[in-house]
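Student: I should like to learn how to read the features of a protein model. May we go through one together?

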Amino acid sequence: MLKRKIFKKFNDWRISTEKKALLIKGARQVGKTTSIRAFGKKYYRHYIEINFEKTPSAREAFAGDLDAKTIILNLSAMGYGPFEKGKTLVFFDEIQSCPAARTAIKFLVEDGAYDYIESGSLLGINYKEVSSYPVGFEEQIEMYPLDFEEFLWANGVSANVINSLREAFECVTPLPDFLHEQMMKHFRRFLIVGGMPEAVVTFLSDNDFEKTRRVQAAILDGYRNDIAKYAGAEQHLAKKVFDAIPEQLCKKDKRFVLAGLEKGASQRKYGDATQWLADAGIAYFSFNVGAFELPFSFSEKRNLYKLFMLDTGLLCNMSLKDMQFSVLNGEIDINEGALTENFVAAELVKRGISLNYYDKKSRQELDFIFPEQNRISIIEVKSGDNYTRHASLNTAIATYPDRIHRAMVFNKFNVFAKPNEPSNTGFQDGHGEKTGAKANVQKGEASGSDAVRLTDEVLYYPLYMTMFV
């Protein structure tokens with residue numbers, strides 16, 4: 001059983017005094033059912049699991065009156081139970097397949113006799129009508145594939161090591177070379193394996209990448225089946241978009257261009273299909289922001305976007321078949337750094353950070369920008385050796401020093417910081433410093449969400465430290 005961060009959220013909900021039903025959303029195969037099942041069996045005397053897709057007959061318990069007493073009586077008559085007040089967790093899995101059960105949550109929660117968790121892989125897809133959503137009676141949590149820290153846990157990396165990494169990030173101090181090299185090995189494996197639990201478990205069992213690829217292929221087939229089954233009239237368009245994600249990310253600017261799908265393709269034709277993938281949790285939008293100011297909503301352009309996969313392992317599987325070997329041997333800049341930028345995007349999403357990129361008339365682009373401490377933080381992703389060459393970042397620092405909280409470059413080298421020294425033209429390529437050089441800031445001075453950043457400074461971090469942003 002993999003250790004997952006969501007367990008703490010489950011337990012916080014369990015001991016809450018104002019109990020609501022807990023709704024777990026997320027794409028298929030991210031570990032929702034397994035995690036809820038393990039939690040229920042550990043903390044409750046009675047754990048009752050009802051899957052509305054595997055057992056369609058269970059929907060009949062909600063076919064009549066939706067008062068709590070009637071529903072529990074119906075479920076008990078079907079063989080579910082025992083129901084013991086205060087000691088029972090009822091788990092409704094794939095609840096999107098029983099809209100009446102979703103409506104009934106209000107009455108079950110009001111009754112207060114038992115705890116309820118709901119989950120579903122396609123809760124963002126309204127392909128079945130819910131007559132009344134239980135607003136005010138649900139606490140919602142999004143679940144994702146394993147993040148890199150969870151992957152390290154699965155690989156037996158100790159808390160002391162991870163704390164050392166976190167301290168290096170917060171204090172902007174280099175790691176011992178050996179430790180950095182070991183983390184980069186884990187990072188390269190994570191790019192290939194990804195964070196889908198079944199793929200991780202398969203890989204850890206015998207380090208067989210071929211078996212892992214077969215698991216990933218089966219997950220991708222499952223997603224394509226969902227598209228065919230639930231995307232309705234948009235299914236052919238959604239499948240086109242889904243299959244085009246790797247190719248589009250391999251472009252230098254990585255922007256998703258509909259014209260690459262077919263001649264004359266338009267947002268009007270493909271917009272709903274693309275949104276379906278995002279609603280299903282399979283892909284993540286990163287929308288363009290054309291002005292370097294808050295709030296982003298004032299200048300966000302929803303028709304200009306990048307489209308990332310939820311998992312680098314799946315993206316790797318969809319791409320070149322020999323990519324795994326190249327990445328494992330250090331070529332993480334393969335395919336224009338598509339994997340590394342996708343890794344950063346997915347890690348940010350798992351931390352609740354909305355994805356936006358800055359692009360001003362195609363002359364100045366920043367990979368990721370996000371609000372932090374009422375200012376804007378910048379992330380540039382550099383997978384090659386020239387990671388200190390970032391003219392757009394230099395220009396942003398020179399032009400908007402009072403608007404920037406942190407300027408970070410994630411790359412394959414060790415931690416350090418250096419002052420930004422823009423040229424007279426406002427652009428500077430920079431030649432960087434030797435990897436592992438002493439940081440140019442005092443300990444703890446320049447990073448972390450509560451720190452005050454020196455606006456002429458660039459912070460360089462290894463890619464795996466995205467887990468601490």
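The dialogue below moves from the whole chain to single residues.

Student: Before we begin, what kind of model is this, and which residues and atoms count?

Tutor: This is a predicted model, in which local features need pLDDT of at least 70 and side-chain atom pairs count only at pLDDT 80 or more, whereas totals for chains, interfaces and linings use all residues. Residues are numbered from 1 along each chain as its sequence is written, and side-chain values use heavy atoms, with hydrogens and water left out.

Student: How many helices and strands are there in the protein chain?

Tutor: Helices (H or I, at least four residues) and strands (E, at least two) are DSSP runs, numbered from the N terminus. The protein chain has 15 helices and 14 strands.

Student: What does the radius of gyration of the protein chain agree with?

Tutor: The radius is taken over C-alpha atoms, and the globule rule is 2.2 Å times the number of residues to the power 0.38. For 469 residues, a compact globule would have a radius near 23 Å; the protein chain has 24 Å, which agrees. Along the principal axes, the C-alpha atoms fill a box of roughly 80 × 55 × 45 Å.

Student: What percentage of the residues count as buried?

Tutor: Buried means under 20% relative accessible area, exposed over 50%, and partly exposed in between (1.4 Å probe, protein chains only). Of the 469 residues, 55% count as buried.

Student: What share of the contacts comes from residues 24 or more positions apart?

Tutor: A contact means heavy atoms within 4.5 Å. Among contacts with a separation of 6 or more, residues 24 or more positions apart account for 74%.

Student: How many aromatic pairs does the structure hold?

Tutor: Rings of Phe, Tyr and Trp (its six-membered ring) pair if their centres lie within 6.5 Å; planes under 30 degrees apart count as stacked, over 60 as edge-to-face and the rest as tilted. The structure holds 33 such pairs. In one of them, F292 and Y358, the ring centres are 5.5 Å apart and the planes stand at 80 degrees, so the pair is edge-to-face. This pair links distant parts of the chain, 66 residues apart: F292 is in the loop between β6 (283-289) and β7 (300-309), and Y358 is in strand β8 (residues 356-360). F292 is buried at 2% relative accessible area, and Y358 is buried at 0%. Elsewhere, ring pairs join F148, F151, F187, F190, F343 and Y464 into a cluster.

Student: Which residues of helix α8 are buried, and what covers them?

Tutor: As a general idea, an α-helix has 3.6 residues a turn, so residues three or four places apart point the same way. In α8 (residues 197-206), the buried residues are P197, A199, V200, T202 and F203. Their cover includes α5 (148-154), α7 (177-193) and α9 (209-230).

Student: What does I71 touch, and where does it lie?

Tutor: I71 lies in helix α3 (residues 68-77) and is buried, with a relative accessible area of 0%. Leaving aside neighbours within four places in sequence, I71 is in contact with A61, F62, D65, L66, A104 and L108. The C-alpha atoms of I71 and A104 are 8.6 Å apart, with their positions 33 residues apart along the chain.

Student: And N317: is it buried or exposed?

Tutor: N317, in helix α12 (residues 312-318), is buried with a relative accessible area of 8%. Not counting residues up to four places away in sequence, N317 touches R213, Q216, A217, L220 and Q324.

Student: Which peptide bond leading to P82 or P295 is cis, and what is its omega?

Tutor: Most residues other than glycine have a negative phi, and most peptide bonds are trans. The bond from G81 to P82 is cis, with omega near 5 degrees, and P82 lies in the loop between α3 and β3 (88-93). Another cis bond joins L294 and P295, with omega about -10 degrees; P295 is in the loop between β6 and β7.

Student: Where do Q373 and N374 lie, and what is the phi of each?

Tutor: Q373 lies in the loop between β10 (368-372) and β11 (375-381), and N374 is found in that loop too. Phi is positive in each residue, near 55 degrees for Q373 and near 60 degrees for N374. Q373 is partly exposed at 43% relative accessible area, whereas N374 is exposed at 77%.
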